[in-house]
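Here's a quick briefing to read with the structure open beside you. Take it one topic at a time and find each residue as you go.

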There are 2 protein chains.
Amino acid sequence: MSAPTLADVAELAGVSRQTVSNAVNNPDLLRADTLARVQQAIDELGYKPNRAARNLRTRASHLIGLRITPVQEGTASVVMDRFVHSLVEKSGEAGYHVLLFTDALEDDPLTGYDELLRSTAVDAFVVTDTYLGEGQAAWLRERRAPFVSFGRPWDDDNARHPWVDIDGAAGTELATRHLIEKGHDRIAWIGWKKDSVLGEERRSGWLRAMHEAGLPTTGLASRVEDAVNSGCSAARVMLAEAGPTAFVCASDTLAIGVMHTLAERGLQAGDDVAVVGFDDSQVAQTVWPGLTSVRQPLEEAAVELVKALEGLLATPSQVGPGVMLTPTLEVRGTSGPDRR
Amino acid sequence: MSAPTLADVAELAGVSRQTVSNAVNNPDLLRADTLARVQQAIDELGYKPNRAARNLRTRASHLIGLRITPVQEGTASVVMDRFVHSLVEKSGEAGYHVLLFTDALEDDPLTGYDELLRSTAVDAFVVTDTYLGEGQAAWLRERRAPFVSFGRPWDDDNARHPWVDIDGAAGTELATRHLIEKGHDRIAWIGWKKDSVLGEERRSGWLRAMHEAGLPTTGLASRVEDAVNSGCSAARVMLAEAGPTAFVCASDTLAIGVMHTLAERGLQAGDDVAVVGFDDSQVAQTVWPGLTSVRQPLEEAAVELVKALEGLLATPSQVGPGVMLTPTLEVRGTSGPDRR
DNA sequence: TTGAAAGCGCTAACAG
DNA sequence: CTGTTAGCGCTTTCAA
């Protein structure tokens, strides 16, 4: 009735338990015929090593912890969904499973880490949202907890942990150049408040592209909350005061807000005023006439993170350089026609 | 350097290892003063029981497995994101963590289950998408694997496992009644193909509400793929041939398609023609002028699933009745004004 | 109420 | 190349 153990397989194959263990973990140590015999016994019984026993012995769980935060209702971004899937897939290929956890206490992200760490439930963590400055990375480093971070060490100075990140500035630069090539010269930026490092980074890409092209930026930048309404009102003000012909936004949420305002003014998104968002959310994909948007290469990020994780767990001492990935641009209707 | 063990705590507290174990698992067995002494030692050392050792001994992992499938790009629904979060939160409160896995082989959902099951990596599974008829439930039951399903046993006949589901028909009925109350009498249905049990169920809610109100339904129903474009073309045909004043859709994706067609015809969603979607996706929440949509009570579902899970693991023999939850309606702009 | 002994299933180390 | 021994950290007897 209960699951077969090493001993069962050993008996059936007529070898010792250790030999079976070797057959599973170091097949090359066995003579071909022994291996075959053991293998057959394994198949016959449907044997799979017991995780708990193996974990206890090897002091590893082959689990990686990922903290998730609540879905932001009313915003367009669902980056997490895609990222989680990619991460699960890639870590599965490397023999790891992903264990999810949330904050036990409302506002303290660290309790969750602490619990899993102290109970040796996971081998490592994948840390996200490092830009929020919650000190997750610093805290983990202090405890010598193995982790890789999706997000560069913004605050953290002399961080010595592997990280993978996506170059937001490159994304907005791509978006802005795209609009410049379409013939726009008054391109507005709708971004987040100044305290958002991510927001400032994305803004810098717009700025760079504009400067490179010798285009004006004064009065063309706005910094607001990440909400549809904020996008609306920012666009209203911008249209009235600066007369832009295109908008680059820090998020799809803001871009949707801009589109609302255009509709309200009887302007056609794309034909009359171009709009580009950020995140390639499902909103961007489905809204009419399709919102051009910067897409983060999350699958790639997952690949790199798992690679870093494997390296970290294999040789904890040596930490490779951070990996910076470049987003792509998904061109859709709101890019509008060529204006030249 | 390494984590403290029972023995460390026992030594510090001057008791036996067993007493420490009891202090953790059966505190009421100890005399108050002993307990206090042990507790202090635990705190002092920051002791947490080692998961692997405990798992090995108790033959439990306190992990529940959840299979996730790729995000559907180009559709509006992101039900999974919200559901996963709720599930992680609720199971955390019950002392369980959620372990994610994907299909190793492209099209075989069972290999993932099999592997986790045979290696005793999880205590139970939460199965979703039972309507797809992949036979997950039947397969798991056959192996006597503990699981609860989010989704009633559609095909499965004499299923004897706990389940929680959301009454889709009640959702569309709610939506349809809402429109009837607004004064609509020609309300069209845009749903999925006939082979979708979920689609047929949702359709039946529309049908029921229409019949109850004595309204005609002939020529007012359409069955298409779940894609924005399909929603567009279905709406085009419907407007031309049946002249409905409102649409109830099986998904937000289809509803968005309908809205595209309205825009194309110069019709105002809400004011001219009402539209209701299903899933309360982020698209529904952000699109202009807000898409009225049926919202699944996923948080509640998670609560019930965890409750069922706890019951199942406590007393595997007795299985309670399935739990059917009722969705709510999120009313937004596309409901339009009162027409009476 | 507390302690001693045994063993869950596995693998690392070493002996043969 | 194969077998023996020991023990990972915990909990479940059972005895004191």
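Start with helix α4(A): with five residues, α4(A) gives the most to the surface near DNA strand C. Here, helices are DSSP runs of H or I with at least four residues, and strands are runs of E with at least two, numbered from the N terminus. A residue is near a strand of DNA if one of its heavy atoms lies within 4 Å of it.

Before going on, note that this is a predicted model, where local features need pLDDT of at least 70, side-chain atom pairs count only at pLDDT 80 or more, and totals for chains, interfaces and linings use all residues. Residues are numbered from 1 along each chain as its sequence is written, chains are lettered from A and ligands numbered from 1 in the order in which they are written, and side-chain values use heavy atoms, leaving out hydrogens and water.

**Around DNA strand C**

- There are 26 residues around DNA strand C, and L6(A), R17(A), Y47(A), T34(B) and R59(B) come nearest.
- Look at the atoms of DNA strand C within 4 Å of the protein: 62% of them belong to sugar or phosphate, and the rest to bases.
- Some polar contacts (pairs of N or O atoms within 3.5 Å) are worth finding. A polar side-chain atom of T34(B) sits 2.2 Å from a phosphate oxygen of DNA strand C, and a side-chain N or O atom of N25(A) is 3.0 Å from a phosphate oxygen of the strand.
- R57(A) goes for a base instead: a side-chain N or O atom of R57(A) is 2.6 Å from a base oxygen of DNA strand C.
- Both chains pitch in, with α2 and α4 of chain A and α2 and α4 of chain B each giving two or more residues to the surface near DNA strand C.

**Around DNA strand D**

- Of the 26 residues around DNA strand D, the nearest are T34(A), R59(A), L6(B), R17(B) and Y47(B).
- α4(B) gives the most to this surface near DNA strand D, with five residues.
- The backbone joins in too: a polar backbone atom of L6(B) is 2.5 Å from a phosphate oxygen of DNA strand D, and a polar backbone atom of A53(B) is 3.5 Å from a base nitrogen of DNA strand D.
- By class, the surface near DNA strand D has nine nonpolar, 10 polar and seven charged residues. Nonpolar covers Ala, Val, Leu, Ile, Met, Phe, Trp, Tyr, Cys and Pro; charged covers Asp, Glu, Lys and Arg; the others, Gly among them, are polar.

**How the two chains match**

- A rotation of 180° with 0.0 Å of shift along its axis superposes chain A on chain B (RMSD 0.1 Å). That's the relation of a two-fold axis.
- The copies are superposed by least squares on the C-alpha atoms of residues with pLDDT of at least 70 in both.
- The copies meet through the same surface, because 100% of the interface residues of chain A are also interface residues in chain B.

**Inside the protein**

- Q285(A) is in helix α12 of chain A (residues 282-286). Is Q285(A) buried or exposed? Q285(A) is buried, with a relative accessible area of 16%; buried means under 20%, exposed over 50% and partly exposed in between, using a 1.4 Å probe and protein chains only.
- Not counting residues up to four places away in sequence, Q285(A) touches D280(A), R295(A), R332(A), E73(B) and G74(B). Contact means heavy atoms within 4.5 Å.
- The largest nonpolar core has 90 residues, and V275(A) is one of those with the most contacts inside it. Such a core is a set of buried Ala, Val, Leu, Ile, Met, Phe, Trp, Tyr and Cys residues joined through side-chain atoms within 4.5 Å.

Notes. Polar contact = N/O pair within 3.5 Å; in protein donor to acceptor, adjacent residues only side chain to side chain.
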